[in-house]
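Me: I have a structure open and want to go through a few parts of it. Can you help me read it?

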Amino acid sequence: MSSGGSLSFAQVTPVGRSAITTLVLVGEQVAEVVSSYFQPLGNKTLTDYPLRRIVFGKWIHPDGTFEELVVSRVADHQLEIHCHGGMVAVEAVAASLVKSGAKQLNWKELDQLQFGAELPYWKQAEQLLPQTTTTLSTQLVMEHAQGEVEQILQQVAKFKEAGQTQEVRQILKPYEGASQRGRHLIEPWNVVIAGKPNAGKSSLMNQLVGYQRAIVNQQPGTTRDVLRAQTVIHGWPVEFVDTAGLRQGEDAVEVAGVEMAKGQLSQADLVLWIHDLTDPWEAGRIEQIPHQQMLVIGNKADLTTEVPDWAQLVVSAQTSAGIDSLLELILETLVPGFGNPDFKVLFSEAMETKMREISI
Ligand SMILES: Nc1nc2c(ncn2[C@@H]2O[C@H](COP(=O)(O)OP(=O)(O)O)[C@@H](O)[C@H]2O)c(=O)[nH]1
Ligand SMILES: [Mg+2]
């Protein structure tokens, strides 16, 4: 531990109201400082109790008022305080500690302090937990926090030692490109909906996210700002961006919207190009669209039975026909192989590099 003689602490439970709040304290003088406020029930002092024992008592503030709380020394220089979750009680305890020269950190900084500059991989994964927004992402982060990668690396080391390169390759293959995917379990995929005015982009976005968000209008060019809405497809967070139609608008507000749309397109993980099936197809138009990946979707399938060559899928944003297939197609395009039994994710690029290096 690199904290030296100083004392640091952090609240490790979420800030705000909760039943119990936990403070973790790290430093050589931890028992000494805490003992100056904490009086265990009975006659013993804190250090009379063995490590890991849960000790109930009173935290006596300088003004004589007190809180009842629980203290546990988890290691020689590490201690936990569990107190009532009310903000006031926690702040009062934190204030006493700060008064005694302790440094208040956030829990990430405290982890850093305990583990040095390089956090072990499982700890890095654990730190992502509060940022996960879907059951899938929480589950995958948990698997990593429990040491999935360490186990793989150990397995690989054994096969390597035995000269079984075929097995090494087999184990590591599913992890190729896996950190890109992992990033998008925390940060949503960015999918931009583009196409000519009136193609039905805003209507489609409403269908994709399942509620009215974008303004739909018969007057071309209604969507002037870039509108965003998040949804989840099979556990993957996806942010849809509804753009102004790409045409030369006469009024300045709309022109600004069009410029913004172009910027959004080149940054998007996926562009959905929406074309009205009752409009003649202009092949040249999509060639000018900056994009990394694009799906061309024919909309207003309720108005025609025609399924033209240019469309990868036809849908109706009015009747919602084809919307489920579109959601599937979007996910297949963004996360190829998702759902396969050997589908893997990683949560850091460094880990992917490490896996690549070990395979050589
Ligand atoms: N019949 C039919 N009309 C649609 C469909 N999708 C959108 N519309 C209509 O087309 C018009 C333009 O839709 P909107 O979503 O505002 O298009 P945007 O300009 O591309 O955002 C509106 O009147 C919608 O009700 C569809 O699938 N079928
Ligand atoms: Mg619109």
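Reply: We can take confidence, then a sheet, then a pair of helices.

Me: What is the average pLDDT of the protein chain?
Reply: This is a predicted model. The protein chain averages a pLDDT of 84, and 86% of the residues score at least 70.

Me: Which elements have the lowest and the highest mean pLDDT?
Reply: Helix H10, residues 252-267, has the lowest at 66, and E13 has the highest at 98. Over residues 247-253 the pLDDT is below 50. That stretch has 8 contacts in the model beyond near neighbours in sequence.

Me: OK, the sheet. In what order do the 6 strands come?
Reply: The order is E9-E10-E8-E11-E12-E13, in an open sheet with mixed pairing.

Me: And which are the edge strands?
Reply: Strand E9 (227-233) and strand E13 (313-314), each of which pairs on one side only.

Me: How many bridges are there between E8 and E11?
Reply: There are 5, and the two strands, residues 189-195 and 270-276, pair in the parallel sense. Val-192 stands opposite Val-271 in E11.

Me: Now helices. At what angle do H9 and H12 pack?
Reply: H9 (residues 201-209) and H12 (residues 323-334) pack at about 80°, and their axes are 10 Å apart. Because of that angle, H9 counts as roughly perpendicular to H12.

Me: Which residues make the contact?
Reply: From H9, Leu-204, Gln-207 and Leu-208; from H12, Ile-323, Leu-326, Leu-327 and Ile-330.

Me: How many of them are nonpolar, polar or charged?
Reply: The contact of H9 with H12 has 6 nonpolar residues, 1 polar and no charged ones.

Technical notes. Residues are numbered from 1 along each chain as its sequence is written. Chains are lettered from A and ligands numbered from 1 in the order in which they are written. This is a predicted model: local features need pLDDT of at least 70, side-chain atom pairs count only at pLDDT 80 or more; totals for chains, interfaces and linings use all residues. Side-chain values use heavy atoms; hydrogens and water are left out. Axes are lines fitted to C-alpha atoms, for helices over the stretch in contact, and angles run from 0 to 180 degrees between N-to-C directions. Helices (H or I, at least four residues) and strands (E, at least two) are DSSP runs, numbered from the N terminus. Angles under 35 degrees count as roughly parallel, over 145 as roughly antiparallel, 65 to 115 as roughly perpendicular and the rest as oblique. Contact means heavy atoms within 4.5 Å. Ala, Val, Leu, Ile, Met, Phe, Trp, Tyr, Cys and Pro count as nonpolar, Asp, Glu, Lys and Arg as charged, and the others, Gly among them, as polar. Two strands pair if DSSP finds at least two bridges between them. pLDDT is the predictor's confidence in each residue, from 0 to 100.
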